[in-house]
Amino acid sequence: MGIYNFKNIEQKWQEHWKSNELFKVTEDDSKQKYYVLDMFPYPSGAGLHVGHPLGYIASDIVTRYKRLNGFNVLHPMGFDAFGLPAEQYAIQTGKHPAITTEANIKRYKEQLNRIGFAFDWSREVQTCDPSYYKWTQWIFSEFFNAWYNKKTNKAESIDQLISIFEIEGNVNIEYHGDPCESFTGEDWENFSAQEKENILQCYRLAFQKETSVNWCPELGTVLANEEVKDGKSERGGYDVIQKKMSQWYLRITAYADRLLDGLNKIEWSESIKEIQRNWIGKSEGASLHFKVKGSAADIEVFTTRPDTVFGASFMVLAPEHELISSISTDSEKEAVQAYIDRAQSKSERERMMNKEVSGCFTGAYAINPFNQKEIPIYIAEYVLAGYGTGAIMAVPAHDERDHAFAKKYNLNIVQVVEGKESVNIQEASYDAKEGRMINSEMINGLDVKNAIRATIQFAEEKGFGTRTINYKLRDAGFSRQRYWGEPFPILHKDGIPSLVDELPVTLPDVQSYEPAGTGESPLARVEDWVNTPEGRRETDTMPGWAGSSWYFLRYMDPNNDEAFASPEKLKYWNQVDLYMGGAEHATGHLLYSRFWTKFLYDLGRIDFDEPFKKLINQGMIQGQSRVINFIRLSFSGSFWGDNPSFPDPNEVFGRVLLTGKLAQFLQNASNQDFVKLKFEEIFLKKYKKYKVTNNEISGSLHPQIPSDLDPIEVIRIPLEFVDKNGSVNFELFLKENKYNLPENTSIFDLSEANEIIEYHEESTEVHKNYFQAGIITEKMSKRWGNVVNPDDVCDEYGADTLRLYEMFLGPLQDSKPWSTQGIDGTHRFLKKLWNLCFDQDGNFLITDETPSKDSLKSLHKTIKKVSDDIEQFSFNTSVSQFMICVNELSSQNCKSKSIIEPLLILLSPFAPHISEELWEKLGNTESILNAQWPEYDESQLVESVKLYPISINGKTRTQIEFPLDMDKNTISEKVLEDEVVQKWLEGKAPKKIIVVPGRIVNLVI
RNA sequence: GCGGAGAUGGCGGAAACGGAAUACGCGCCUGACUUAGAAUCAGGAUUUUGAGAGUUCGAAUCUCUCUCUCCGUACCA
């Protein structure tokens, strides 16, 4: 037992924790609750890599810390188990996604348990389990049965809405939804069932809408945006076209303002909040109506700058705009149609990538309602149908895009805002948000802010415009034409969708996972499932984010069959106090969860309207790939003559050796010599170092390849050729020469770029090919062969080392590359701790001896630092503090139980296994999990004296010890008497003496 | 373009409040133990905080200007 046998220890305690159910929590009103949650993992076939546990380790530390501080901590784990990869795999192999998913989950759990996480597995949930998705379907049903009342500003029951319709129709209803003609109570009674449902679809929070989707005829399926690349399917590269299909939507736009406001009351990183704000994209402005000359048509535009309306010299409609065909003149019709056809054949992506200015005149003219001026109407791709009204008034003088368009089509550019400096408006637009109005009739002279106000007021009085708020946020598409997802609890009969009463609607088995070829999901082919006496089942399934939008609620009461969770448990566990996860879900999961939470709050099901009180985004752990960069370098330069031109050091790397004539000359040259000056100025200045020996001057150029010098080719070296210290076995790699490198290729490391370039001729020309070893940091992925498996780290060093090391790497929130190089240090620390407690023969050394004052100081310093650090999620500095403490205790030869015991409690959240083992050795029979966090005693740290640094003009020159309670004047006097100080003063009196008690003394002379 | 974060030794990174810059770890060098390696122990070196200015007795920290890097997002009117 002399050595630290982490394997036995870790296995022993993992079994102990499991068999004694030590991680199981129940609601307990006598204790304060704390809810720690990790983002829901999708169990991929690749298993975990070392980047995944980073957040889990951090949240586990907080869990154990809070528990030691007396909190009742909920720390569950489960799986977001519906998803595309399992389905793709099923299509290829015919294997049921449920089977692969189950196998992957098993693997994940094994990997997680090896790291010793304190998860309460009894609360595990899986989104693909019918007992779980029953409630996902139930929540969808609630959305279907709800509408958004703008008067009360919350979601309400659709039944109540119907009873209002029955009495007074919809005239007094203010709602958020699709536009709907007004009707009376009598009208409502006379509507057919179909008509009634059509109206209700405008109100429901879950509704169907015909929209265009990315349809791939070759694959016979609808594709998600991220599956489409440059207008082709990512898989197969087939053409993707836009096809109109009926899709389900959730009316998230009703919550836009509340989603925006709610950001102010949650502790999330500013960057994530900002991303959500931008995504919601609230902008205030005006909608203005322009009449079309010689037509009854009226075009509504949205603008945030109504003040610039007098500078509007043309109008642009999106190619999809519905009025185009009715206003285009006969002479332009053909060209307009051609332009529209061209625009529609492009994918959304192509349109975004193509920045070229293009457009087409419709032949029609709009009338500016402010001054009755006629302005031409164009159509152009740069105006998006989906934003605002799909039409803009173009103000080329003050909008860059409008300016570019005006230039291309030779349209008028009229300046209406004047800034401080004069600008040439014909050259470039002046997109200023401040300034004074000119050329603008009644608003001339006003500043922008007041001009906006005045313009809107004027428009409202005359009835051709209103103040309007616009959002970028769109309603959330909720349909997927897939098999492996939650079925909708919906039946269609006579074109009317209705809810299924009995939940869950379970996923049937299918013969084939291939899409049905009609654009519908594989479910459409299961005739006996689809066709029921009550109607035809909805065959779409829900998107991946459905199950993950509410899973944190299910953990509170995972086996409840009566409700998604009981009101009592929802009340007890409440919000998630700490949510740990990656930043990549900023606009997906994190926004949808907030939306669902607000909805359930409106229904009175929960009494909080934000799901995650505090959010910490752990950084990504990247992989390091060793590579060979194939580079071609050429440069030339001449060193002699009247006009020497040195090669730009930025273009060269390697080591430069100057020999012969030039070196000799440079050494002998006087300092004023032109060549020498030039040489030093251009060349050597940019070297890190250079030295002159004998007849040589050598210097290292850039230790790195200049960033603008792209390698012609990058070859990745598999990890098997890289040892623990990161050195690459190039010989072996080259021997296996799978990459057809030229014979006799030599490869050099970045650190020793040893290609020597000699300059000794009058001029030098170099054209060389290099094979240079390098490291690139990139995402860990199977594809790059740079994945590090935590199992391997556990095998070699143990879980406690892995946990400590991941925390020690750097601040939690930062991204950092994984490197095996530092891991020995943390492992060594655990061994040092072990050796503090055991001698070489395995005798336990800890006794009841009274601790020294120094040891008490080391302990209490650690209590303070670690407690503070955990509160601030600064785990890397806690690990440092543990190292410092153990180093100090070792040199103090501390064997005192009263020091080691509390230290183990502090360490147990970080390295739980070794802490439990030593804790038991100290004679404790109950798990360290149930111990109490030690209290920091400030009196142990109080010093009576302080070694003051004495600085003169800001630079430390000596140190003198003074009692801490000594007053400023006495310190000043004593300092002046000091020998070293006297020497610096040279007999003069200092101008000023600054004494900061307990810190520093500074003399100004 | 817009938004966010950041720049400290050879490397990862420490430094509430402005008060001894580089704690802790890795790597490197020297020495001890050892047949040798591994392990362990003792000792050592490097840099002046991206650049420039300002405030201050004193700036990594505060203010301004600039440069660069990473991340997110983008024809949003």
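N574 sits in the loop that runs between α19 (567–573) and β24 (578–581). Its phi is positive, at about 55°, although N574 is not a glycine. The model is a predicted one, and a few other backbone details of this kind turn up in it. N893 is another non-glycine residue with a positive phi, near 55°, and the place of N893 is the loop between α28 and α29. A cis peptide bond also appears, joining L503 to P504 with omega at about 0°. P504 belongs to the loop between β21 (496–499) and α16 (527–530).

Next comes the RNA. Strand B is surrounded by 42 residues, and the closest are T304, R401, R828, R999 and N1002. Of the RNA atoms that come within 4 Å of the protein, 56% belong to sugar and phosphate. Sorted by class, the protein surface near RNA strand B holds 18 nonpolar, 15 polar and nine charged residues.

Which helices and strands build that surface? At least two residues each come from the helices α10 (270–280), α13 (348–353), α26 (823–837) and α28 (875–892). The strands β11 (298–303), β35 (955–963), β36 (992–996) and β37 (1000–1004) likewise each supply at least two residues. The top contributor is α28, which gives six residues to the surface near RNA strand B.

Some of the polar contacts to the strand can be spelled out. R828, already listed among the closest residues, places a polar side-chain atom 2.4 Å from a phosphate oxygen of RNA strand B. Backbone atoms take part too: a polar backbone atom of L809 is 2.6 Å from a sugar or linking oxygen of the strand. For Y382, a polar backbone atom and a sugar or linking oxygen of RNA strand B are 2.8 Å apart.

On to helix packing. Two packed helices are described by the angle between their axes and the distance between the axes. Two of the helices that line the RNA, α26 and α28, also pack on each other, at an angle of about 40° and with their axes 10 Å apart. The crossing of α26 past α28 is left-handed. On the α26 side, the residues that meet α28 are G825, T826, F829, K832, L833 and L836. Their partners in α28 are F882, M883, V886, N887, L889 and S890. This contact counts seven nonpolar, four polar and one charged residues.

Past the loop that holds N893, α29 has a packing partner of its own. Helix α27 (residues 853–871) and helix α29 (residues 897–907) have axes that come within 10 Å and cross at roughly 15°. With an angle under 35 degrees, α27 is therefore roughly parallel to α29. Here, too, the crossing is left-handed, as α27 passes α29. From α27, the contact draws on S855, L856, L859, T862, I863 and V866, and from α29 on S898, I899, P902, L903 and L906. By class, the contact of α27 with α29 comprises eight nonpolar and three polar residues, with no charged ones.

A further pair involves helix α2 (residues 53–68) and helix α25 (residues 799–808). These pack at an angle of about 100°, and their axes are 10 Å apart. Since that angle falls in the range 65 to 115, α2 and α25 are roughly perpendicular to each other. What does each helix bring to the contact? P53, L54, I57, A58, D60, I61 and R64 come from α2, and they meet L802, R803, E806 and M807 of α25. The tally for the contact of α2 with α25 is seven nonpolar, no polar and four charged residues.

Key: Residues are numbered from 1 along each chain as its sequence is written. Chains are lettered from A and ligands numbered from 1 in the order in which they are written. This is a predicted model: local features need pLDDT of at least 70, side-chain atom pairs count only at pLDDT 80 or more; totals for chains, interfaces and linings use all residues. Side-chain values use heavy atoms; hydrogens and water are left out. A residue is near a molecule or strand if one of its heavy atoms lies within 4 Å of it. A polar contact is a pair of N or O atoms within 3.5 Å; within protein, one must be able to donate a hydrogen and the other to accept it, and residues adjacent in sequence count only if both atoms are side-chain atoms. Helices (H or I, at least four residues) and strands (E, at least two) are DSSP runs, numbered from the N terminus. Ala, Val, Leu, Ile, Met, Phe, Trp, Tyr, Cys and Pro count as nonpolar, Asp, Glu, Lys and Arg as charged, and the others, Gly among them, as polar. Axes are lines fitted to C-alpha atoms, for helices over the stretch in contact, and angles run from 0 to 180 degrees between N-to-C directions. Angles under 35 degrees count as roughly parallel, over 145 as roughly antiparallel, 65 to 115 as roughly perpendicular and the rest as oblique. A crossing is left-handed if the near helix is turned anticlockwise from the far one by less than a right angle, and right-handed if clockwise. Contact means heavy atoms within 4.5 Å.
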